[in-house]
Amino acid sequence: MFHSSSPFLVLLAICGIVRSSLGFSLVTRSDYHVGNIYVWRDGIVLAAASQHPEGGASSATTGVDPMQVITGPELPPIPPMSKRLFLVRHGAVINPGGDRPVYYGAMDVSLSPLGEWEAQAAAQYLQQFDLQHVAASPLSRAIYGAQQVLERQTTTTRSASSLETTSSLMIHAGLKELDRGSWCGKTQEEIGAEAMAAFDACDKSKTPDGGESYPALKERVLQARDELLESMDSGRASALVSHLQVTRCMLSDALGVPTSQMSQLPIATASVTCIDYDSVTATQTVHFQSFKPNVGLKQNRNEAN
């Protein structure tokens with residue numbers, strides 16, 4: 001199930017490009033609402049705990065302390081024939097509608113200062129893991145988060161061979177966020193609750209003009225995921241920084257949740273989801289979902305996306 005082939009993405013960026021034999025492009029590194037933790041075993045939620053004490057998150061307005069050690073849910077070693085993916089959602093963005101939250105989908109909107117700090121916290125959590133690859137969507141909000149992960153990998157003690165494999169950022173067009181088409185720039189009220197509910201339930205007749213359906217999104221996302229897994233060695237881990245709906249596609253596939261119900265899966269901004277993929281049996285094991293490092297940042301409001 002982990003085999004596919006797709007055309008190269010040519011990313012026009014300030015960084016240099018190195019072509020890959022897979023659908024990913026390698027970009028050489030240049031100098032450059034608070035979620036809960038869901039812990040799964042065999043498709044069952046074993047634990048769901050708030051990451052902040054009663055009263056919510058603090059209202060810190062400064063960045064992340066680079067010396068802070070961030071721990072997360074306990075993880076077992078990677079089995080010899082498995083590959084581990086850390087799925088990271090980008091941080092909070094500046095909604096293009098301002099005080100009027102609108103849907104933006106695949107538009108290239110910017111991270112807010114809070115979103116950048118959230119991305120730094122996620123990267124700081126992942127610093128403890130020896131990652132073989134760091135991959136991202138071509139949208140700038142995801143690339144920023146991936147660069148933070150990559151930077152912390154290259155500044156942490158790694159073997160020479162490990163550093164060689166994590167010196168480039170892998171970009172794939174298949175990891176881009178859901179295209180909302182003509183719904184971009186509209187509020188949920190302007191779209192209509194009935195139309196949105198039908199779209200979430202995978203009624204393809206409700207796909208907005210110029211946009212894509214959840215089934216179409218899931219097909220391209222899983223192809224991109226399989227290409228990343230194909231590029232990895234067994235027993236290794238990699239990080240993939242993308243978006244809400246992209247993460248839901250991979251998580252729903254791992255949990256066996258129907259595509260028509262995946263919009264109900266909670267994925268906080270800059271949260272981390274961990275899944276193991278067995279190369280022999282094709283079994284997918286979800287270790288945890290939507291873990292958001294608690295570093296005292298202001299609570300983010302998860303609105304239209």
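Lys218 is buried (under 20% relative accessible area, with exposed meaning over 50% and partly exposed in between, for a 1.4 Å probe and protein chains only), yet Lys218 has no salt bridge, and the nearest side chain of opposite charge, Asp253, is 5.0 Å away. A salt bridge here is a side-chain nitrogen of Lys or Arg within 4 Å of a carboxyl oxygen of Asp or Glu, and in assigning charge Lys and Arg count as positive and Asp and Glu as negative, while His and the chain ends are not counted. The model is predicted, so that local features need pLDDT of at least 70 and side-chain atom pairs count only at pLDDT 80 or more, whereas totals for chains, interfaces and linings use all residues. Residues are numbered from 1 along each chain as its sequence is written, and side-chain values use heavy atoms, with hydrogens and water left out.

**Surroundings of Lys218**

- Lys218 is found in helix H6 (residues 214–231), where helices (H or I, at least four residues) and strands (E, at least two) are DSSP runs numbered from the N terminus.
- Leaving aside neighbours within four places in sequence, Lys218 is in contact with Cys249, Ser252, Asp253, Val257 and Thr259, contact meaning heavy atoms within 4.5 Å.
- Asp253, although not bridged to Lys218, belongs to one network with Arg225 and Asp226, joined by salt bridges that share partners.

**Overall composition**

- The protein chain holds seven helices and 10 strands, and of its 305 residues 54% count as buried.
- About 13,300 Å² of the protein chain is exposed, with carbon and sulfur atoms supplying 52% of that area; accessible areas come from the Shrake-Rupley method with a 1.4 Å probe, and for residues only the protein chains shown count as cover.

**Parallel strands**

- Strand S8 (residues 237–242) is mostly covered, six of its six residues being buried; Ala237, Ala239 and Val241 point one way, and Ser238, Leu240 and Ser242 point the other way.
- In a regular strand the side chains alternate between the two faces of the sheet.
- Strand S5 (residues 82–89) runs parallel to S8 and is joined to S8 by six bridges, two strands being paired if DSSP finds at least two bridges between them; the bridge partner of Leu85 in S8 is Ser238.
- Four bridges join S6 to S8, which also run parallel, and in S8 the bridge partner of Val134 is Ala239.
- Strand S6 (residues 131–136) is joined in parallel to S7 by three bridges, and Val134 stands opposite Leu169 in S7.
- Both faces of strand S7 (residues 168–171) are covered, since Ser168 and Met170 on one side and Leu169 and Ile171 on the other are all buried.

**Nonpolar cores**

- The largest nonpolar core, a set of buried Ala, Val, Leu, Ile, Met, Phe, Trp, Tyr and Cys residues joined through side-chain atoms within 4.5 Å, has 35 residues, and those with the most contacts inside it are Leu85, Leu217, Leu228, Leu240, Met250, Leu251 and Ile275.
- The elements that give two or more residues to this core are S5, H5, H6, helix H7 (244–255) and strand S9 (272–278).
- Apart from this core lies another, of 31 residues, among them Ile70, Ala123, Val134 and Leu150.
- The buried residues of helix H5 (residues 193–200) are Ala195, Met196, Ala198, Phe199 and Asp200, and the buried residues of H5 pack against helix H4 (188–191) and H6.

**Salt bridges**

- The count comes to seven salt bridges under the stated rule.
- Arg100 and Glu190 meet through their side chains in a salt bridge (2.9 Å, N to O); Arg100 lies in the loop between S5 and helix H1 (113–126) and Glu190 in helix H4, so the pair ties together parts that are 90 residues apart in sequence.
- Arg100 counts as partly exposed at 38% relative accessibility, and Glu190 is partly exposed with a relative accessible area of 44%.
- Lys292 and Glu118 form a salt bridge (2.6 Å, N to O); Lys292 lies in the segment after strand S10 (284–291) and Glu118 in helix H1, so the pair ties together parts that are 174 residues apart in sequence.
- Both Lys292 and Glu118 are buried.
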